[in-house]
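Please read the following walk through a protein model with the structure open beside the text. The paragraphs go from one region to the next.

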Amino acid sequence: DVLLSDRVNSIKPSPTLAVTNRAAELRAEGKDIIGLGAGEPDFDTPDHIKNAAIEALNNGFTKYTAVDGTPGLKKAIINKFQNENGLSYQANQILVSCGGKQSFFNLSLALLNEGDEVIIPAPYWVSYPDMVLVADGKPVIITTTQEQRFKITPEQLEEAITPRTRLVVLNSPSNPTGVAYSLSELKALGEVLAKYPDVLIATDDMYEHIRFNDEPFVNILNACPNLYDRTIVLNGVSKAFSMTGWRIGYAAGPAKLIGAMKKIQSQSTSNPTSISQVASQAALEGGNDCVKDMVIAFKERHNYVVAALNDIKGVECIPADGTFYAFPSFQHVIDNDDRFNNDIELAEFLLGEAGVALVPGSAFGAAGNMRLSFATSMDVLKDAIARIKKALES
Ligand code: PLP
């Protein structure tokens, strides 16, 4: 038997991918399964982006590139930050990676020593705690309630900070809750962070463009420019431009930290894929009209899904500010139904009885809730929610 590392034994495979795989298995057995587990837009990558990649391929742009990204893509990222976020960066402050996931992975490995603490508000993107663990760090989870709209308070943040805290992770709009922090909420968190100059901040802006109101997007640096020297901004093209398979994410921050992340990347994946970088440059330079069309569809589905979920006895779903996720509480349903005892058993029940795949909230550090992805058509969503309602209320 092969003895594996403590490192790999300390983590679990991504539960969202596991749900998607389980749904695929059942489908292969001939079952009629609706998968609402996946975390990716259902739209095709826009044509102008695909065409840029095809052209690059035909032009033989198929070799290694610079580890930290092509000069053209890095320039497009610098311009994006300047024009869309009012943030100024030099080329040595930007690192392009194989997806937003690798950006955070690089960050964890470049920053953390054994036992260093990373504050992660729950509900969280499933991968943060595991990536911290891989880097021998210690995830420190702040739990939130639906009543506080799943957002941490300044008091909670202050309470979680210790002399070992290295990093605080903010993700707004959030996967899985869809809620976003307001400028004043970020300012209040920034006032706490100002008191702890050794603590770094990661703001994961992956869902920046998928928002349902017309207010401008804000992150912690817009609220607190004084945190610039210790904030790392994470973003990417995966969700905004429906490019999950192209694997391009990027990070911007202090040159020293970005340089360290680049060193890690140089010894793992080297550069991100050459033709994906050309496609991502086309995405960032091609304007956001294609994104707007997708957001209109997401918003319409969001409004339907939230109302329809609240219409199921015992289910409570708060409206989201963005993303393509709803994160309803099924706690009352679980408490009052003998057929399942917790959200994991409920997920299995819904897969078996309703043929609908949802991800249990405990995967995101919030037992009792379920994540439903509405990155699928209205017809499918209507069918799925009708099935859930029928299975639970029968
Ligand atoms: N950050 C958040 C909050 C996410 O939800 C995801 C994907 O699910 C990512 C980062 C990583 O995206 P990718 O690695 O596909 O670019």
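By class, the residues that form the shell around the ligand are 9 polar, 2 nonpolar and 2 charged. The model is a predicted one. In total, 13 residues surround the ligand, and the closest are Gly-99, Gly-100, Lys-101, Asn-175 and Ser-238. Two of these names come up again below: Gly-100 is where helix α5, residues 100-111, begins, and Asn-175 takes part in a cis peptide bond.

The chain as a whole comes next. The domain assignment divides the protein chain into domain 1, which consists of 6-44 together with 289-393, and domain 2, which covers 47-285. Between the C-alpha centres of domain 1 and domain 2 the distance is 25 Å. Where the two touch, 36 residues of domain 1 and 29 residues of domain 2 take part in the contact. On the side of domain 1 that touches domain 2, at least two residues come from each of α2 (15-28), α12 (289-310) and β9. Of the contributions to that side of domain 1, the one from α12 is the most, with 7 residues. Sorted by class, the residues on the side of domain 1 that touches domain 2 are 18 nonpolar, 10 polar and 8 charged.

Now consider the sheets. In one of them, 7 strands make an open sheet with mixed pairing, and the order is β2-β8-β7-β6-β5-β3-β4. Which strands are at the edge? They are β2 (94-97) and β4 (138-142), each of which pairs on one side only. From one strand to the next, the twist averages 20 degrees. Within this sheet, strand β6 (residues 200-204) and strand β7 (residues 231-236) run parallel and are joined by 4 bridges. Opposite Ala-202 stands Ile-232 in β7. Helix α4 (residues 71-85) packs on the sheet, where it touches β2 and β8 (249-252), and the direction of α4 makes about 120 degrees with that of β2.

Another open sheet has 3 strands in the order β9-β12-β11, and here the pairing is antiparallel. Its edge strands are β9 (325-326) and β11 (359-360), each pairing on one side only. Strand β12 (residues 370-373) runs antiparallel to β9, and 2 bridges join them. Ala-326 has Leu-372 in β12 opposite it. Strand β9 has already been mentioned as one of the elements on the side of domain 1 that touches domain 2.

Two helices can be compared by the angle between them. Helix α5 (residues 100-111) packs against helix α10 (residues 255-266) at about 105 degrees, and their axes are 8 Å apart. That angle makes α5 roughly perpendicular to α10. From α5, the residues Asn-106, Leu-107, Leu-109, Ala-110 and Leu-111 meet Leu-257, Ala-260, Met-261, Ile-264 and Gln-265 of α10. By class, this contact of α5 with α10 has 8 nonpolar residues, 2 polar ones and no charged ones.

Some details of the backbone remain. Most peptide bonds are trans, and most residues other than glycine have a negative phi. Against that background, which residues does a cis peptide bond join? One such bond joins Ser-172 and Pro-173, with omega about -10 degrees. Pro-173 is in the loop between β5 (165-171) and α8 (183-194). The peptide bond from Asn-175 to Pro-176 is also cis, and its omega is near 20 degrees. Pro-176, too, is found in the loop between β5 and α8. Asn-175 was listed earlier among the closest residues to the ligand. As for phi, Arg-149 has a value near 50 degrees, which is positive in a residue other than glycine. Arg-149 is in the loop between β4 and α7 (154-160).

Terms used. Residues numbered from 1 in each chain as written. Predicted model: local features only at pLDDT ≥ 70, side-chain atom pairs only at ≥ 80, totals over all residues. Near = placed C-beta within 6 Å. Nonpolar A, V, L, I, M, F, W, Y, C, P; charged D, E, K, R; others polar. Axes fitted to C-alpha atoms, helices over the stretch in contact; angles between N-to-C directions. Parallel < 35°, antiparallel > 145°, perpendicular 65-115°, else oblique. Contact = placed C-beta atoms within 7 Å. Pairing = 2+ DSSP bridges. Domains from an automatic or database assignment.
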